[in-house]
Amino acid sequence: MMVAGELALADVKVCVLEKLEATTPYSRALSIHPRTLEMMDLRGLKSELLQIGMPLPTGHFAGLATRLDFAVIDSSSNYSLFIAQSETEKVLEQRAWALGADIRRGIEVLSVTQSADCVEVTASGAGRQMTLTAAYVVGADGAGSMVRKQANIPFNGTDATMTAVQGDVVFKNPPATSVVSSFNEQGMIMIVPVSKGLHRVVFIDPETKTIPKDQPVTLEELRSGMIRMLGEDYGISEPYWMTRFGNATRQAERYREGRLLLAGDAAHIHFPAGGQGMNVGLHEAMNLGWKLAAEVKGWAPEGLLDSYHAERFPVNTALLQNTSVQTLLFGTDFSPATIHLRQMISELLQSPDANYRLASQIAAVDVHYDVREDVSSHQLNGRRLAEIRLHSENGDVFSSYELFREGNYVLLNLSSDESVEEIVRKQQRGRIKNVNAALAEPAKGWDDVHTALVRPDGYIAWAIAGTEIDLYNRIEQGIEQIGKT
Ligand SMILES: Cc1cc2nc3c(=O)[nH]c(=O)nc-3n(C[C@H](O)[C@H](O)[C@H](O)COP(=O)(O)OP(=O)(O)OC[C@H]3O[C@@H](n4cnc5c(N)ncnc54)[C@H](O)[C@@H]3O)c2cc1C
């Protein structure tokens with residue numbers, strides 16, 4: 001739904017085929033993390049999500065007693081938002097639909113076959129078979145991705161070695177704190193709020209962790225696990241959703257095969273530790289949407305679409321390492337030595353540097369992309385644009401994020417230099433929005449910037465200092481990188 005929304009935003013004709021008749025009612029991903037919130041802010045969706053979810057200033061790493069403090073992150077979204085995935089999906093589907101995406105539910109894709117010019121898709125639904133033709137197909141079809149299999153893209157990694165148990169339930173006597181977490185010789189348990197009146201219990205029980213994930217969970221299993229691990233069941237009742245999930249860890253070898261692309265769980269799966277899966281899928285959608293749109297519209301420079309795999313594959317390799325480490329710390333062994341190891345790491349996490357490092361990873365604000373070798377070096381190059389306040393020539397103060405609603409490149413002409421405007425006018429490159437503004441307040445890394453080009457997904461393509469020798473040629477070359485409209 002996110003890719004569809006991004007493509008529709010760029011005026012690309014897009015059709016979503018989804019086999020479910022309606023959004024799944026189950027919570028699944030419960031937290032939206034800082035970088036995802038920033039991306040939602042770029043597209044004007046954050047306030048809607050804030051109305052539904054519950055902000056929490058922390059996140060967690062392996063359920064350690066010291067929670068990650070997101071407040072230290074340099075971001076206007078330095079917190080997690082607790083919100084059920086079903087709600088997030090509805091917001092994204094509504095947005096894609098409102099932008100003109102043709103969303104067809106109850107349609108199952110049966111095959112995708114690509115030729116030099118197009119992809120032929122066969123599908124069935126509403127009692128009939130159909131064939132559609134598309135320029136490209138994005139397989140955002142989950143862990144068992146049919147698109148990935150049809151594209152013959154290997155899904156390298158390891159099978160599950162253990163499972164965890166989860167239940168969204170009602171507590172007659174809810175815990176006093178919003179998050180409960182414990183690790184002892186009986187197992188690992190976390191309890192978090194899902195929505196009004198509903199809590200999520202998730203645990204790894206050494207006695208049941210070899211049960212395969214397709215075996216149903218019972219209320220009694222949840223209750224007895226809680227009693228053993230916490231000595232308390234909070235009056236558990238009315239299970240809304242109970243499930244078991246494993247730690248299979250795999251990544252697609254390539255995110256692109258000709259006209260077929262992969263995003264989300266179709267491209268990578270891992271134990272849902274630290275609540276990152278849906279978040280990274282949305283980051284991929286932001287990375288891919290504008291590049292695919294540029295390709296379809298014919299203005300993408302050579303290699304732009306391939307940069308999707310080049311940029312995201314290493315990020316997700318690091319993600320799989322991060323979730324594997326967490327699994328090792330909370331799902332492998334419940335001996336006194338592990339309990340002490342966790343206590344030690346927990347103590348270390350009280351150090352601001354350690355907290356900052358892990359919080360930035362989970363929040364995904366540490367992600368940055370390589371920039372072309374021929375751009376002038378600057379500390380902001382390839383980094384995410386943290387929200388900055390700007391003032392226009394007539395004195396209005398506004399957020400840098402407001403400039404990204406239409407999904408264009410944004411050229412921040414911070415000296416309101418007419419020569420820059422002239423370069424933009426002369427070149428007529430790609431979807432570029434020229435903004436003459438100045439910093440309304442100091443912002444980290446920005447004090448020497450004369451002009452900066454920010455990509456549609458909110459990453460800084462390049463920033464150039466006013467002291468740069470050959471300033472205008474540098475800016476001209478930088479704009480030339482964007483394909484011609
Ligand atoms: C118990 C649990 C807890 C989790 N907690 C978190 C969390 O806290 N934070 C977090 O970020 N992530 C979490 N995740 C992970 C998150 O839910 C997934 O990463 C996310 O759903 C992936 O989204 P996706 O769109 O890539 O795939 P999916 O959500 O699997 O969506 C794929 C869609 O494709 C459709 N489809 C598949 N095949 C076809 C076909 N042939 N034709 C038509 N349609 C098809 C499916 O019906 C489905 O709607 C959790 C997952 C689980 C299971």
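**Exercise 1. Start with the parallel pair E11 and E20, and place these strands in their sheet.**

Step 1. In this predicted model, E11 and strand E20 (residues 260-262) run parallel and are joined by three bridges. Within this pair, Val-138 stands opposite Leu-261 in E20.

Step 2. Now add the third strand. The open sheet has the order E11-E20-E19, and its pairing is mixed. Strand E11 (137-139) and strand E19 (256-257) are the edge strands, each pairing on one side only.

**Exercise 2. Work out the order of the six-stranded sheet: which strands stand at the edges, and what follows for them?**

Step 1. Write down the order, which is E23-E22-E25-E24-E26-E27 in an open sheet with mixed pairing.

Step 2. Look at the two ends. Strand E23 (397-399) and E27 each have a single partner strand, so one side of each is left without a neighbour in the sheet. From one strand to the next, the twist averages 35 degrees.

Step 3. Zoom in on one pair. E24 and E25 are parallel, with five bridges between them. Asn-413 has Asn-436 in E25 as its bridge partner.

**Exercise 3. Find the buried side of H12 and say what covers it.**

Step 1. List the buried residues of H12: Leu-471, Ile-475, Gly-478 and Ile-479. They lie on the same side of H12, because the arc they cover around the axis is only 95 degrees.

Step 2. Recall the helix geometry behind this pattern. With 3.6 residues a turn in an α-helix, residues three or four places apart point the same way.

Step 3. Identify the cover. The buried residues of H12 are covered by elements including strand E24 (409-413), strand E25 (432-439), strand E26 (449-454) and E27, along with helix H11 (418-427).

**Exercise 4. Examine Ala-126 and Asp-470: what is the phi of each, and is each exposed or partly exposed?**

Step 1. Begin with the expectation. A negative phi is found in most residues other than glycine.

Step 2. Take Ala-126. This residue is not a glycine, yet its phi is positive, at about 50 degrees. Ala-126 sits in the loop between strand E9 (119-125) and strand E10 (128-134). Its relative accessible area is 77%, so Ala-126 is exposed, the cut-off being over 50%.

Step 3. Take Asp-470. Here too phi is positive, near 65 degrees. Asp-470 belongs to the loop between strand E27 (460-465) and helix H12 (471-480). With a relative accessible area of 46%, Asp-470 is partly exposed.

**Exercise 5. Survey the empty space: how many cavities of 30 Å³ or more are there, and which helix gives the most to the lining of the second largest pocket?**

Step 1. Count the cavities. The whole structure holds two of 30 Å³ or more. The largest cavity has about 80 Å³ of space.

Step 2. Inspect the lining of the largest cavity. Among its residues are Glu-6, Arg-43, Trp-290, Trp-299, Tyr-409 and Arg-431. Helix H7 (residues 277-297) provides the largest share, three residues.

Step 3. Turn to the second largest pocket, with a volume of about 890 Å³. Of its 39 lining residues, Ser-307, Glu-311, Tyr-369, Asp-370 and Arg-455 lie nearest the centre.

Step 4. Trace the contributors to this pocket. At least two lining residues come from each of H7, helix H8 (307-331), helix H10 (352-363) and E27. H8 gives the most, with nine residues.

How values were computed
Residues are numbered from 1 along each chain as its sequence is written. This is a predicted model: local features need pLDDT of at least 70, side-chain atom pairs count only at pLDDT 80 or more; totals for chains, interfaces and linings use all residues. Side-chain values use heavy atoms; hydrogens and water are left out. Helices (H or I, at least four residues) and strands (E, at least two) are DSSP runs, numbered from the N terminus. Buried means under 20% relative accessible area, exposed over 50%, partly exposed in between (1.4 Å probe, protein chains only). The arc is that of the directions from the helix axis to the C-beta atoms. Contact means heavy atoms within 4.5 Å. Two strands pair if DSSP finds at least two bridges between them. Axes are lines fitted to C-alpha atoms, for helices over the stretch in contact, and angles run from 0 to 180 degrees between N-to-C directions. On a 1 Å grid over the protein atoms alone, a cavity is a set of points where a 1.4 Å probe fits but cannot get out, and a pocket is an open set with protein on both sides within 12 Å along at least five of seven lines; lining residues have an atom within 4 Å of a point. Grid points are joined across faces, edges and corners, and a volume is the space filled by probe spheres set on the points.
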